Structure formats: structure tokens, C-alpha cells
Amino acid sequence: LCALLLSVAPDRLAAYVDERLRPLLDRPELLETLEAWYAANGSRAAVAERLGIHRNSVGYRIARMRELLGVDPLDPWHARQLQAALDAREVLQALRDLGH
């Protein structure tokens, strides 16, 4: 997906990221939790271990994301969109790091 996203104009990628993740962009702990959730295939224990937080904190953060985003980040349809936005955010950061 990241290779495909590289072919998209950065301003369009930024708009997509903003559209999907805006409520989380100033909450790094929630973005980190969302990324970890998808990387761990939805394992609360794995996310908690990876982030060094309690399992219950993972559940709290997922609930908070649901509230802020207005969608369920665990729903497969929304999860694909959010994962694409996270990937687009990563591509944009890589482009900035390269001076583009």
C-alpha cells in the first residue's frame, strides 16, 4: 500500500489523513495505540505489552478513539480506512524526512 500511496500527490494524502484521523492528530498516545492495535491484529495483551500500559488502558483508548472518530476503529470497513490513513501519514513523514 505504501508504494501505491507514493504515487498520490502529497496534498491529497494530507487531506485523506486529515479527513480520517483529525480528532487523533493531536493525541499521539491514541495514534500510537491505533497503530499498535492493527500491528498486533487486535490483541489487547500484545498492545499493552508493546506500549507498556495496562490491558484496561488499551480498552479505554479504543473506546476514546471510537468516541472521537465517530466510527468504530475495530469495524473491518473503518479499520481498512484508518489503516490506509496511518500508512498515508507514514508516507508523508518519509517524504518530509527526504526533503520533499
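This passage looks at how helix 3, helix 4 and helix 5 pack in a predicted model, with a brief stop at helix 6.

Confidence first. The chain has a mean pLDDT of 94, and 100% of its residues come in at 70 or more. Going element by element, helix 5 gets the highest mean value, 98, while the lowest, 80, belongs to helix 1 (residues 2-5).

Helix 3 is a good place to start. Its 12 residues, 28-39, cover 16 Å from the first C-alpha to the last, close to the 16 Å expected at 1.5 Å a residue. Its buried residues are Leu30, Leu31, Thr33, Leu34, Ala36, Trp37 and Tyr38. An α-helix has 3.6 residues a turn, so residues three or four places apart point the same way. The partners of the buried set are helix 2 (10-21), helix 4, helix 5 and helix 6 (76-97). Just past the end of helix 3 sits Asn41, with a positive phi of about 55°.

Now for the packing of helix 3 on helix 5. Their axes come within 10 Å and cross at roughly 110°, an angle that falls in the 65 to 115 degree range, so the two helices are roughly perpendicular to each other. On the helix 3 side, Glu29, Leu30, Thr33, Leu34 and Trp37 make the contact, and helix 5 answers with Val58, Arg61, Ile62, Arg64, Met65 and Leu68. Sorted by class, that gives seven nonpolar residues, three charged ones and one polar. Of the helix 3 residues involved, Leu30, Thr33, Leu34 and Trp37 also appear among the buried ones.

Helix 5 (residues 55-69) also packs against helix 4 (residues 44-51), here at an angle of about 100° and with the axes 8 Å apart. This pair, therefore, is roughly perpendicular too. Helix 4 brings Arg44, Ala45, Val47, Ala48 and Leu51 to the contact, and helix 5 brings Arg55, Val58, Gly59 and Arg61. The class count here is five nonpolar, three charged and one polar. Val58 and Arg61 of helix 5 turn up in this contact and in the one with helix 3 as well.

Finally, a look at helix 6, where Glu90 is found. Glu90 has a relative accessible area of 52%, so it counts as exposed. Between Glu90 and Val71 there are 22 Å in space, C-alpha to C-alpha, for a separation of 19 residues in sequence.

How values were computed:
Residues numbered from 1 in each chain as written. Predicted model: local features only at pLDDT ≥ 70, side-chain atom pairs only at ≥ 80, totals over all residues. Heavy atoms only, no water. Axes fitted to C-alpha atoms, helices over the stretch in contact; angles between N-to-C directions. Helix = DSSP H or I, 4+ residues; strand = E, 2+ residues; numbered from the N terminus. Parallel < 35°, antiparallel > 145°, perpendicular 65-115°, else oblique. Contact = heavy atoms within 4.5 Å. Nonpolar A, V, L, I, M, F, W, Y, C, P; charged D, E, K, R; others polar. Expected span 1.5 Å × (residues − 1). Buried < 20%, exposed > 50% of the residue type's maximum accessible area, 1.4 Å probe, protein only. pLDDT = per-residue confidence, 0-100.
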